[in-house]
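User: Please take a close look at a single part of this model and then work outwards from there. A plain, connected account is enough.

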Amino acid sequence: MKKIMFLIAMVLFIACDKSDEQLKNNSLSIAEFSFSGCIDEGDLTKSGSYSHRITLEAKGNMLSILKQNRLACGAEIQLEISNEGNTITIKEVNKGGAAYCSCPAEYNGEISGIKDGEYIICIYPPAESDNWYYKPFVFTFKEGAKVEMVLETVYY
């Protein structure tokens, strides 16, 4: 009987390990967000290329995002966030007008509700970019984790 109780206790202990737990669907939210609009390349938060550049950083239960890109002049980007388990979808929505010119721009945001674990990040550009998307990538979230990369575009 003691062996059975020990076995049951071990199974419950393993089942309660939260490190591999999937997030509840659509449990994430945007805590903070700012969009620069058109800026001079020299005024970007980090120097270097602005084309499809992203920085992700884990801070507590927040995922901090800095994304630099070339966007239509007059763009007003807002983010829509959703998740299906540990697959996070970020949609960039342009609430501004379309234009025949483009300029460097960046946004900063924080997504709340993240737990330690591995996530697939899918970022979709504004609807006017209808012939391409960003290739999904994996980010391992744990306190202090940080990655800087250029997003790969996929054309269809």
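Analyst: A strand here is a DSSP run of E over at least two residues, and strands are numbered from the N terminus. The model is predicted. With strands counted in this way, the part to look at is strand 3, which gives the most to the lining of the largest cavity, namely four residues.

Some context on the chain comes first. It has one helix and eleven strands, and along the sequence the helix is followed by the strands, in the pattern α-β-β-β-β-β-β-β-β-β-β-β. Of the 156 residues in the protein chain, 38% are buried.

The cavity itself is next. One cavity of 30 Å³ or more is counted, and the largest cavity has a volume of about 30 Å³. Its lining is made by Phe 35, Lys 67, Gln 68, Asn 69, Leu 71, Glu 92, Ala 105, Glu 106 and Tyr 107. Two elements give two or more residues to this lining: strand 3 and strand 6 (102–112).

Among the lining residues is Asn 69, which sits in strand 3 (residues 62–72). Is Asn 69 buried or exposed? The cut-off for buried is under 20% relative accessible area. Asn 69 has 5% relative accessibility, so it counts as buried. The Asn 69 side chain also has a partner: it makes a polar contact with the side chain of His 52, at 3.2 Å.

Two more of the lining residues, Lys 67 and Glu 92, are joined to each other. Their side chains meet in a salt bridge, with 3.0 Å from N to O. Lys 67 belongs to strand 3 and Glu 92 to strand 5 (residues 87–94), so this salt bridge ties together parts that are 25 residues apart in sequence. Lys 67 and Glu 92 are both buried. The cavity lining thus holds both members of a salt bridge, and each of the two residues is buried.

Strand 3 also takes part in the largest pocket. About 250 Å³ of space lies in that pocket. It is lined by 15 residues, and the closest to its centre are Arg 70, Leu 71, Ala 72, Glu 128 and Ser 129. The largest share of the pocket lining comes from strand 3, with four residues. Leu 71 appears in the lining of the largest cavity and is one of the residues closest to the centre of the largest pocket. Strand 3 therefore has the leading share in the cavity lining and in the pocket lining, given that strands are DSSP runs.

Through Glu 92, the account reaches strand 5, which is part of a sheet. That sheet is open, has four strands in the order 4-5-7-9, and its pairing is mixed. Strand 4 (77–84) and strand 9 (137–141) are its edge strands, each pairing on one side only. On average, neighbouring strands of the sheet are turned by 30° against each other, direction ignored. At the strand 9 edge, strand 7 (residues 117–124) and strand 9 pair in the antiparallel sense over five bridges. Within this pairing, Tyr 119 has Phe 139 of strand 9 as its bridge partner.

How many salt bridges does the model have? The count comes to three. Besides the Lys 67 and Glu 92 pair, Glu 152 forms a salt bridge with Lys 135, with 3.8 Å between the closest N and O atoms. This pair links distant parts of the chain, 17 residues apart: Glu 152 lies in the loop between strand 10 (146–150) and strand 11 (153–155), and Lys 135 in the loop between strand 8 (132–134) and strand 9. Glu 152 is partly exposed, at 46% relative accessibility, and Lys 135 is partly exposed too, at 42%.

Another salt bridge joins Lys 146 and Glu 148, and its closest N and O atoms are 3.8 Å apart. Lys 146 is partly exposed at 44% relative accessibility, as is Glu 148 with a relative accessible area of 41%. Lys 67 and Glu 92, by contrast, are buried.

One backbone detail lies outside this part. Asn 26 is not a glycine, yet it has a positive phi of about 55°. Asn 26 is placed in the loop between helix 1 (2–15) and strand 1 (29–35). With 55% relative accessibility it counts as exposed, whereas Asn 69 in the cavity lining is buried at 5%.

Methods
Residues numbered from 1 in each chain as written. Predicted model: local features only at pLDDT ≥ 70, side-chain atom pairs only at ≥ 80, totals over all residues. Heavy atoms only, no water. Buried < 20%, exposed > 50% of the residue type's maximum accessible area, 1.4 Å probe, protein only. Polar contact = N/O pair within 3.5 Å; in protein donor to acceptor, adjacent residues only side chain to side chain. Pairing = 2+ DSSP bridges. Axes fitted to C-alpha atoms, helices over the stretch in contact; angles between N-to-C directions. Salt bridge = Lys/Arg side-chain N within 4 Å of Asp/Glu carboxyl O. 1 Å grid on protein atoms, 1.4 Å probe; cavity = no way out; pocket = protein on both sides within 12 Å on 5 of 7 lines; lining within 4 Å. Points joined across faces, edges and corners; volume = space filled by probe spheres on them.
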